Amino acid sequence: MTALAETTPSQATRRRTFTREDRLPVAVGLYVFLFLAIALPLGLMSLWSIADGWPPPHVLPQSYTTERWAGVLGDSGLLRAAINSIVIAIVVTVATALIALPTAWAMARFPFRLKRAVEIFILAPIIIPGIVVAVGIGQVFLALGLAYSVAGVILVQIVGTLPLMIRLMTAALETIPDDLLHAARSLGAGTADIIRHIVLPLAVPGLLAGGLMSFVGSFEEFDKSFIVGAPVVETLPIKLYMYLDPYSMQLPLASIVSFLLLLPALVVFVIAGRVLRDDLMAAGMGKI
Amino acid sequence: MTMLEITDITKDYGASRALHPVSLSVAKGEFVTILGPSGCGKSSLLRIVMGISQQSGGEIRLAGQRIDMLPPERRDIAMVFQSYALFPHMTVEQNLRFGLRMKKVVKAEQQRRIAHALDICTLAGLTGRMPRQLSGGQQQRVALARAIVMQPNLLLFDEPLSNLDAKLRDTLRHELVALHRRIGATSLYVTHDQAEAMAMSDRIVVMNAGRVVEIGTPLELYRAPKQAFTAGFLGQTNLLAITASGRTGQLPWGQPVDLATETSGPAQVSVRPESIGIRACDQASGAPATVAGVSFMGASALYTVAVGDTVLKVSQAGGDALIEPGRTVALTFPERLPVLEDRGREDREIEDQGRKDRLRTPEVA
């Protein structure tokens, strides 16, 4: 974050104003990118999910069926898994925020020795593959009796969601100037008042950004939850991955699974887009 | 009646001392300015009075009560910050209300005080705006209003005008003075701008390198400074070495001058450029004084005049024609020149009383 602040002035001098002539190429570029990155795969996925066989020479499938959708959605276990996933994701998000807040506060406000080292230590879980973490933790959880329990799954997921949350919250808290807290104090606010009326409201962009990431991250997390929780705790990803046949390529089923896993991310981001005001969004992206 | 009494406040950062014992008092309703170059410890002192920085020693009394042990929120002091420090997520009105809510002032009283503050800070119509929708001058007025609604025992100002452009600074300075006359709040104001200090204050506290150099009214400090630092910091001056006996002193080139106080031996006087008379004169009596340079400032002309080894600044108001460089001039000095007290090392050593004092003073402004 400090590095970012240092580079800002030079970026400002290089900044060019967006002119009318720029609109067309920028719009064309963005829409082509969106089409290739999102619309095309989604279109193919939806075709695959309802195709009743799609042999190579044909540009479009010859016949369609809704049987597979009916099969997957008709599974009563699916709803249970979805509810499991939602509950776990909410708990993981709240717990992540609570754990991250004090850490981020310390990282943002206090200078201390070896701060860089601590930063890297905090980000370490992102660098190490989830499966490695899961196998290691799985052993420990077995010994502790946390394996195959919802609590165990929640704990192991927090390992994955915490680094990003701390990073985003630190960035948000760093933007609060000291004088603001001093001013609040001089106006009669105690520590609790300052946290409630000043720090938390100003941390909202970071909290929301971190919360969205944590929620989606938890909802879609597979490998760690699978090793710690399966087959007793069934989250939506675990349930959906089980539809996939490990011995043959099942594009139609894979498409349905992808759609279902995409859903929560889509819903959350649409809600976020409505809730977040423009300035808060901008603040979350470090522009203040 | 004394409202604020600061006694022997010190501040140490490790082995280095940012504030040497500083004492000053502010009467009820008085507007006192702490003036000094950046790094002189003036902001540190203000922060200690507010309570957002801890003193290393000394005592602060506000309205007779000791407050140096209290947290800032219980000191009944409001502060206006250089950075305005408005809460960015609150509207103007919410900013003003914040302190009143914290102090649990009843709703009707909140409303009355906010309306009053909005009125005297000319903020009517801006109540619903967010701070970022306001100009710098408006933001500073909101910051001021937010402090005023608290009706504190003491108002602190930490260089509140230094982020504004020159013209706006001028306007707001006048508004501040007018406002102080209206509400009569006891104020302690920190600045490095001598013009600001002179225009606004009842009294000025001149600080340098963590020490109080001199305290006095703007007029006293300008007309008859006791310290060379004060003389040089408040406006322009010529510091001249003299040899004195009684009320008469002799300038380095032999010209006699009249002194305000009886002095003997070598001493130093401060002579303001505008108090020296200058006129072209071909037949110089005594030492030859020649104009080395002239710059025309509009209302006055500023000459640099060389007399022997000494170079003097002389300013002449009005004047129909400029005296050209190279001309010989006659200089006349005013009567009763203030003699500077040579407050040298002895005094400081007594103050420090055996403390190991590094001369290094950290930047703390």
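User: What share of the contacts in chain A with a separation of 6 or more comes from residues 24 or more positions apart?

Analyst: The share is 77%. A contact here means that the C-beta atoms of two residues, placed from the backbone, lie within 7 Å. This is a predicted model, in which local features need pLDDT of at least 70 and side-chain atom pairs count only at pLDDT 80 or more, while totals for chains, interfaces and linings use all residues. Residues are numbered from 1 along each chain as its sequence is written, and chains are lettered from A and ligands numbered from 1 in the order in which they are written.

User: What makes up the secondary structure of chain A?

Analyst: Chain A has 13 helices and zero strands. Elements are DSSP runs numbered from the N terminus: helices are H or I with at least four residues, strands are E with at least two.

User: Why is A:K224 called buried?

Analyst: A residue is buried if 20 or more other C-beta atoms lie within 10 Å of its own, exposed if 12 or fewer, and partly exposed in between. A:K224 has 23 other C-beta atoms within 10 Å, so it counts as buried. The residue sits in helix 10 (residues 223-229) of chain A. Leaving out residues up to four places away in sequence, A:K224 touches A:G130, A:V133, A:A134, A:V156, A:Q157 and A:G160. Its C-alpha atom is 8.7 Å from that of A:V132, although the two are 92 residues apart along the chain. Of the 288 residues of chain A, 29% count as buried.

User: How do you know whether helix 2 of chain A lies in the open or is covered?

Analyst: One of its 28 residues is buried, so helix 2 of chain A lies largely in the open.

User: Why is the span of helix 2 (residues 23-50) of chain A said to agree with expectation?

Analyst: The expected span is 1.5 Å times one less than the number of residues. For helix 2 of chain A that gives 40 Å, and the end C-alpha atoms are 38 Å apart, which agrees. Helix 2 of chain A also has a kink of about 40 degrees, centred on A:F35. The bend at a residue is the angle between axes fitted to the seven residues ending there and the seven starting there.

User: What makes B:A63 and B:A85 stand in separate burial classes?

Analyst: B:A63 has 15 C-beta neighbours inside 10 Å, so it falls in the partly exposed class. B:A85 has 25 other C-beta atoms within 10 Å and is therefore buried. B:A63 is in the loop between strand 4 (57-62) and strand 5 (65-66) of chain B, and B:A85 is in the loop between strand 6 and helix 2 of chain B. Neither is a glycine, yet phi is positive, about 50 degrees at B:A63 and near 55 degrees at B:A85.

User: Which residues of helix 2 of chain B are buried?

Analyst: They are B:V92, B:N95, B:L96, B:R97, B:F98, B:G99 and B:L100. Their cover includes helix 3 (107-120) and helix 4 (136-148) of chain B.

User: How many residues of chain B are in contact with chain A, and which elements supply them?

Analyst: 17 residues of chain B are in contact with 15 residues of chain A. Strand 6 (77-80) and helix 2 (92-102) of chain B each give two or more residues to that side of chain B. The residues on that side are twelve nonpolar, three polar and two charged. Nonpolar means Ala, Val, Leu, Ile, Met, Phe, Trp, Tyr, Cys or Pro, charged means Asp, Glu, Lys or Arg, and the others, Gly among them, are polar.

User: Why is the largest nonpolar core said to lie between the domains of chain B?

Analyst: Both domain 1 (2-223) and domain 2 (228-340) of chain B give residues to this core, so it lies between them. The bounds come from an automatic or database domain assignment. A nonpolar core is a set of buried Ala, Val, Leu, Ile, Met, Phe, Trp, Tyr and Cys residues joined through C-beta atoms within 7 Å. The largest has 125 residues, and those with the most contacts inside it are A:M169, B:V49, B:A145, B:L156 and B:L188. Helix 7 (residues 150-174) of chain A gives the most to this core, with 13 residues.

User: What does B:L156 contact, leaving aside its neighbours within four places in sequence?

Analyst: B:L156 is in contact with B:L46, B:V49, B:M50, B:I77, B:M79, B:V80 and B:L188. A second, separate core of ten residues includes B:V291, B:V307, B:I323 and B:L331.
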